[in-house]
Amino acid sequence: MKVAQLPASDFEHYLKNYLQKVPDLTLLKSLEYSRDLVKNLYQGMSPEKALYTYADDKWTPKEMLLNLIDSERIFCTRALRFARKDETVLSGYNHEAFVEESLANERSLSSLLEEYNAQRQSSIFLFKSFTQEMLQRKGNANGLVVSVAAVGLVISGHELHHVQILKDRYL
């Protein structure tokens, strides 16, 4: 399923900002596409650049990468629960608090990239396992109604959002 194929009822307006960033690719191809962009940006990054911030209250690239990992884990949990017809209204999470507690800056960039790659491979396996019917199922997370397919595409859109910030303000 591609972003253009998602009915507007599959996602709330807030998520549209992320979904607009995703190229016209299938869900699985979008996960591979954004993964490759992230890996290319981080693989050659110096240790100094990985700890850089352009303002006092902004994240380092390491923190940004761990935010991508944490967010993807949460999005995948949501997608799995919705695909399995779990009707529980899921709570949101405070991404700022997650970053603050992540200790990302104390880790090596290579360990973060290894974890990122493992998480993305797991996500791809998860979304490959879903049928078309499962991808169309919806659930409520953080007060937003969203389909399983939209959750998967938001993973890429969220990444592409941060890739643009990295390119514009860090590199």
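Is glutamate 96 buried, partly exposed or exposed? Glutamate 96 comes out as partly exposed, because its relative accessible area is 43% and the labels run like this: buried is under 20%, exposed is over 50%, and partly exposed is in between (1.4 Å probe, protein chains only). A quick heads-up: this is a predicted model, where local features need pLDDT of at least 70, side-chain atom pairs count only at pLDDT 80 or more, and totals for chains, interfaces and linings use all residues. Residues are numbered from 1 along each chain as its sequence is written, and side-chain values use heavy atoms, with hydrogens and water left out.

**View 1. Glutamate 96 and its negative patch.** Glutamate 96 sits in helix α5, residues 95–100 (helices are DSSP runs of H or I, at least four residues, numbered from the N terminus). Asp56, Asp57, Glu96, Glu100 and Glu101 form a negative surface patch (residues with over 30% relative accessible area and no salt bridge, like charges joined within 9 Å; a salt bridge is a Lys or Arg side-chain nitrogen within 4 Å of an Asp or Glu carboxyl oxygen).

**View 2. Serine 71, tucked into helix α4.** Helix α4 covers residues 61–83. Serine 71 counts as buried, since its relative accessible area is just 1%. Its side chain reaches the backbone oxygen of asparagine 67 at 2.8 Å.

**View 3. Two loop residues with positive phi.** Most residues other than glycine have a negative phi. Lysine 85, in the loop between α4 and α5, has a phi near 65°, and it is exposed at 55% relative accessibility. Leucine 103, in the loop between α5 and α6 (109–129), has a phi of about 60°.

Conventions. Patch = residues over 30% accessible without salt bridge, like charges linked within 9 Å, V, L, I, M, F, W, Y side chains within 5 Å. Areas by Shrake-Rupley, 256 points an atom, 1.4 Å probe, with all protein chains shown as cover. Lys, Arg positive; Asp, Glu negative; His and termini not counted. Charge placed at Lys NZ, Arg CZ, Asp CG, Glu CD. Helix = DSSP H or I, 4+ residues; strand = E, 2+ residues; numbered from the N terminus. Polar contact = N/O pair within 3.5 Å; in protein donor to acceptor, adjacent residues only side chain to side chain.
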